[in-house]
Amino acid sequence: MKIFISILLLPIICFTQVKVHGGEHIDSPSSFYSVKLNGEEAYVHHYKVYEPAYDMEYNFVSYVHFDMDQPVEVEVTFKDMIDPNSTWLSPLQRNIPYKIEDKVLTFTIDKPQKLILGINTVNDKYQDVEEEGILAIIAMPKEENVPNVSDANVLNVLDYSSPQRAFDQCPSGGTVYFPKGIYRGQFTVKKSNTTVYLESGAIIRSNETPLVIKDKDHITLRGRGALQTNFPSTNFVLEPRNCDNLTIEGIIIRMGGARVHKNGVKIRGGGFAVVPHYCNYLKINNIAVLRYPHGADGIDPDNCQHVEISDNILLTGDDAICPKTMEEPYVPMDDFKITNNVVRNGQASGFKIGTQASSDISNIVVDGLDMIHTGQFKFSDRNRESDIKSLLIKNATIEYAEHSILQISAVDFMGTTKAFRGNINMSIKNLTVYKTGKEDNKEKFAGLFLFAEPGYDCKVTFVNLVVEGKKITSLKDLEQIGCLPKDKSKIENVKVVFKN
């Protein structure tokens, strides 16, 4: 199967949704893509906005979204000549070969996966949002068990006066089905043990949270469609509450939030993507979060337990994956399995625990995390005592660590940080850091910033740490390659152990 993509990135408001069948060619003057596909059908979406009012900048990243069950050749044509020295296909550790000829870049993938292609943009702190070519490639496994609209328990929203009427009448065990199209408004799931299915090309968009799921159990949200908040809404795109056995799978989340400033002071933050509250046995699999480069987190489970976050791609303005305990009553953070995720964030952290943390943390496993830009691991407690009892990070990569590789402290910003209050038992195995900010961001790059309050037992164990091609077996190794600057780094009351 071959996909041919022509990209034109311009600072205009444009929405294009194209469904392409084998052999058909669609070329629309409003499209940023010209697509030709031979073989399996694919779906291509693009939405890019720049908004000058109130000094706000806003855009959705470009992306192509398709199912595959055989090798796919992707051909990307950029608007300018492609510079090989500032072009990359991430995650780098997959080492996917590509060929560049003038404005065309070609590569092949043999299995479903999530990739980020950067064209004519250096993967460091210097990002030109007017010119950079960032393309998310979301190759999904072939979709199975698609609901049959002829089934009596499948309610096609087009058969009702409004989608909400379908939710009102959906029986337990039923499915509310959104065919392709744009559905404006906020809709509420009314019964437990139901499914919401978004066909590819179906978009629910609203100034508010598009889909409300509250006090309902055994809910599944799936498909190949999208949820979207409108610009400049700062509401969460998806904020389920008190929902056990909730599954979110396969869909696209597009954030409309913006940073709003008045006299140079931020007065509103970005709308976050997925923020579940008090949801146990939560599964978030194979979704894409698309909003870059400004404000807005990706997946932020709050007071949740027994959580699986796997095989997702997140391009966010702020933290990508950030479990929290942000509301009372606080629930211990327990049993998280976070596997095989690809993230790129405009600032902050690829993986963070503790933006708000007021409970103990245990049984957290992060296995397979590729952080493409400004990636770092961060653990903070807002100066409230909490223990990180057991946390394992393994098989991770950081392609550009802007501020630090690892930070432990009580608040986000190193200039005003306080000491972490609590015991820490953390292991980081098989971490590869390709590039750090020691040169282009040397004024802020700390390498390691580990700052705990005296009296607690805090230990970080690195097993097989590689930084910029150097195997790190001691703090002295980090010092020798310039990744532990004396005036920026801090290691106080935290024991650091290195193992092979």
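Cavities first. This is a predicted model, and a search of the whole structure turns up two cavities of 30 Å³ or more. Let me take the second largest. How much space lies in the second largest cavity? About 30 Å³. A general word on how such space is found: rolling a probe the size of a water molecule over the atoms shows where empty space is left.

Which residues line the second largest cavity? Phe 167, Cys 170, Val 176, Val 189, Lys 190, Lys 191, Thr 194 and Val 196. By class, that lining has five nonpolar residues, one polar and two charged.

Keep Phe 167 in mind. Besides lining the second largest cavity, Phe 167 belongs to an aromatic cluster with Phe 178, Tyr 183 and Phe 187.

On to aromatic pairs. The whole structure has eight of them. Phe 178 and Phe 187 make a tilted pair. Their centres are 6.2 Å apart, and the planes meet at 45 degrees. Both Phe 178 and Phe 187 are buried.

Next pair: Phe 462 and Phe 498. This one is stacked, at 5.5 Å centre to centre and 15 degrees between the planes. Why does the pair tie together parts that are 36 residues apart in sequence? Because Phe 462 sits in strand β38, while Phe 498 sits in strand β41, residues 495-499. Are these two rings buried or exposed? Phe 462 has 1% relative accessibility, so it counts as buried. Phe 498 has 16%, and it counts as buried too. The cut-off for buried is under 20%.

Now follow β38 back through its partner. Strand β38 covers residues 458-467 and pairs with β36 in the parallel sense, over nine bridges. One residue pair to look at: Lys 429 has Val 463 in β38 as its bridge partner. Strand β36, residues 424-433, is also joined to β34, residues 388-398. That pairing is parallel, with eight bridges. There, Ile 398 is matched with Val 433 in β36.

Last topic, an open sheet. Five strands form it, in the order β31-β33-β35-β37-β40, with parallel pairing. Which strands stand at the edges? β31 (351-353) and β40 (490-492). Each has a single partner strand, so one side of each is left without a neighbour in the sheet. On average, neighbouring strands of this sheet are turned by 15 degrees against each other, direction ignored.

One close-up at the β40 edge. Strand β37, residues 447-451, pairs with β40 in the parallel sense over three bridges. Phe 451 stands opposite Glu 492 in β40.

How values were computed. Residues are numbered from 1 along each chain as its sequence is written. This is a predicted model: local features need pLDDT of at least 70, side-chain atom pairs count only at pLDDT 80 or more; totals for chains, interfaces and linings use all residues. Side-chain values use heavy atoms; hydrogens and water are left out. Two strands pair if DSSP finds at least two bridges between them. Helices (H or I, at least four residues) and strands (E, at least two) are DSSP runs, numbered from the N terminus. Axes are lines fitted to C-alpha atoms, for helices over the stretch in contact, and angles run from 0 to 180 degrees between N-to-C directions. On a 1 Å grid over the protein atoms alone, a cavity is a set of points where a 1.4 Å probe fits but cannot get out, and a pocket is an open set with protein on both sides within 12 Å along at least five of seven lines; lining residues have an atom within 4 Å of a point. Grid points are joined across faces, edges and corners, and a volume is the space filled by probe spheres set on the points. Ala, Val, Leu, Ile, Met, Phe, Trp, Tyr, Cys and Pro count as nonpolar, Asp, Glu, Lys and Arg as charged, and the others, Gly among them, as polar. Rings of Phe, Tyr and Trp (its six-membered ring) pair if their centres lie within 6.5 Å; planes under 30 degrees apart count as stacked, over 60 as edge-to-face and the rest as tilted. Buried means under 20% relative accessible area, exposed over 50%, partly exposed in between (1.4 Å probe, protein chains only).
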